[in-house]
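Please examine the model displayed here before reading further. The paragraphs that follow lead through selected residues, a pair of packed helices and a pocket.

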Amino acid sequence: MIEVEARGDGTGPLVTRLVWACGRLGVERATMGLMVVGADEMAAINAEHRARPEPTDVLAFPVDGPEATAWPLDGPPPELGDVVICPAAAQDPLETLAVHGLLHLLGYDHEADDGEMLALQDRLVAEAPPA
């Protein structure tokens, strides 16, 4: 079971997309947080964690990382981490940003790979059922 603790407006479809994407990625049990925030709050979070005092579209704060797909079924579910999305700074649909953040929680890094993360993101977004 995937459990998403959500805060902010419009999170329902995002939670649905995250649960579906987890299943496609082989994550059967996990917990994670999702926040949809305004520009001022995102700028403060971005300044605190990345020393960039401006809003950005999505941030991810991983906890258990890629090991989540191999977590033992007899233990507590892994804590993937938190995804923070700012609609005011977004150019992509919020569902795309939620998947983007999830992939970062699972250890993907588009700045260090050869396009694998963004290609996977595009596939997941294209294959996803309507939220």
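Is Val36 buried or exposed? The model is a predicted one, and in it Val36 has a relative accessible area of 11%. Because burial is assigned under 20% relative accessible area, Val36 counts as buried. Val36 belongs to strand β2, which covers residues 30-36. Setting aside neighbours within four places in sequence, the contacts of Val36 are Arg7, Gly8, Asp9, Thr11, Leu14, Ile85 and Pro87. Gly10 offers a further view of this region: Gly10 and Val36 are separated by 26 residues in sequence, while their C-alpha atoms are 7.8 Å apart in space.

Pro77 provides another link between parts of the chain that are distant in sequence: Pro77 and Thr31 are 46 residues apart in sequence, with 6.7 Å from C-alpha to C-alpha. Pro77 is located in the loop between β3 and β4 (79-85). Apart from residues up to four places away in sequence, Pro77 touches Arg29, Ala30, Thr31 and Trp71. With a relative accessible area of 36%, Pro77 is partly exposed.

Ala51 lies in the loop between α2 (39-50) and β3. Most residues other than glycine have a negative phi. Ala51 is not a glycine, yet its phi is positive, at about 55°. The relative accessible area of Ala51 is 66%, and Ala51 is therefore classed as exposed, the cut-off being over 50%.

The discussion now turns to the helices. Two packed helices are described by the angle between their axes and the distance between the axes. Helix α1, residues 11-24, packs against α4 at an angle of about 120°, and the axes are 11 Å apart. The crossing of these two helices, α1 and α4, is right-handed. On the α1 side the contact involves Arg17, Trp20 and Arg24, which meet Leu124, Val125 and Glu127 of α4. Sorted by class, the residues of this contact comprise three nonpolar, three charged and no polar.

Helix α4 also holds Gln121. Which residues does Gln121 contact, if neighbours within four places in sequence are left aside? They are Thr96, Val99, His100 and Leu103. Gln121 is buried, at a relative accessible area of 7%. Thr96, for its part, sits in helix α3 and is likewise buried, with a relative accessible area of 10%. With neighbours within four places in sequence again excluded, Thr96 is in contact with Gln121 and Val125. Val125 is also one of the α4 residues met by α1.

The last feature is a pocket. Rolling a probe the size of a water molecule over the atoms shows where empty space is left. The largest pocket of the model has a volume of about 380 Å³. Its lining consists of 16 residues, and those nearest the centre of the pocket are Arg50, Val58, Leu59, His104 and His110. Which elements each supply at least two residues of the lining? They are β3 (58-62), α3 (94-105) and α4 (116-127). Of the contributions to the lining, that of β3 is the greatest, at five residues. By class, the lining of the largest pocket has seven nonpolar, five polar and four charged residues. Helix α4 thus appears twice in this account, in the lining of the largest pocket and in the packing with α1.

How values were computed: Residues are numbered from 1 along each chain as its sequence is written. This is a predicted model: local features need pLDDT of at least 70, side-chain atom pairs count only at pLDDT 80 or more; totals for chains, interfaces and linings use all residues. Side-chain values use heavy atoms; hydrogens and water are left out. On a 1 Å grid over the protein atoms alone, a cavity is a set of points where a 1.4 Å probe fits but cannot get out, and a pocket is an open set with protein on both sides within 12 Å along at least five of seven lines; lining residues have an atom within 4 Å of a point. Grid points are joined across faces, edges and corners, and a volume is the space filled by probe spheres set on the points. Helices (H or I, at least four residues) and strands (E, at least two) are DSSP runs, numbered from the N terminus. Ala, Val, Leu, Ile, Met, Phe, Trp, Tyr, Cys and Pro count as nonpolar, Asp, Glu, Lys and Arg as charged, and the others, Gly among them, as polar. Axes are lines fitted to C-alpha atoms, for helices over the stretch in contact, and angles run from 0 to 180 degrees between N-to-C directions. A crossing is left-handed if the near helix is turned anticlockwise from the far one by less than a right angle, and right-handed if clockwise. Contact means heavy atoms within 4.5 Å. Buried means under 20% relative accessible area, exposed over 50%, partly exposed in between (1.4 Å probe, protein chains only).
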